[in-house]
Amino acid sequence: MVRPSLRVSKTRLVRTPSETRLKKISKRTKKPHCSQCGAILHGVAFGSQNKVRKMSRSEHLPSRQHAGHLCSRCLKSAIKADVRS
Ligand SMILES: [Zn+2]
């Protein structure tokens, strides 16, 4: 059984011109989901960490409350519940 930390990464053998072989590790990433309903979040960057790190903060997250955690529908209902209570 593969270690849980290694189940995400993929290793490949790559041939270089000098016939040496190198292992490349590419990690699969999932799209970000809402923590309440599980819907896919729009406007949130995903992919390799190198790509996401190079983006500015405004490029990889919407600039509203609970961005990256709740979808717009769940946020709307949460704000309504806060105001009404
Ligand atoms: Zn939601």
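Start by selecting His66: with 16 C-beta neighbours inside 10 Å, this residue counts as partly exposed, because buried would take 20 or more and exposed 12 or fewer. Keep in mind as you look around that this is a predicted model.

Stay on His66 a moment longer. His66 sits in the loop that joins helix 2 (57-60) to helix 3 (72-84). Check its backbone too: phi is positive, about 55 degrees, although His66 is not a glycine.

Now zoom out to the whole chain. Colour by secondary structure and you can pick out three helices and two strands. Follow them along the sequence and the pattern reads β-β-α-α-α. Turn the view along the principal axes, and the C-alpha atoms fill a box of roughly 70 × 35 × 15 Å. The radius of gyration is 19 Å, while a compact globule of 85 residues would have one near 12 Å. Of the 85 residues, 1% count as buried. As for contacts with a separation of 6 or more, 25% of them join residues 24 or more positions apart.

Next, select Val44, in the loop between strand 2 (21-27) and helix 1 (49-54). Is Val44 buried or exposed? Val44 is partly exposed, since 16 other C-beta atoms lie within 10 Å.

Which residues does Val44 touch, not counting residues up to four places away in sequence? Add Pro32, His60, Leu61 and Gly68 to your selection, and you have them.

For a last stop, draw a distance between the C-alpha atoms of Val44 and Leu61. They come out 5.0 Å apart in space, with their positions 17 residues apart in sequence.

Conventions. Residues numbered from 1 in each chain as written. Predicted model: local features only at pLDDT ≥ 70, side-chain atom pairs only at ≥ 80, totals over all residues. Helix = DSSP H or I, 4+ residues; strand = E, 2+ residues; numbered from the N terminus. Rg over C-alpha atoms; globule rule 2.2 N^0.38 Å. Contact = placed C-beta atoms within 7 Å.
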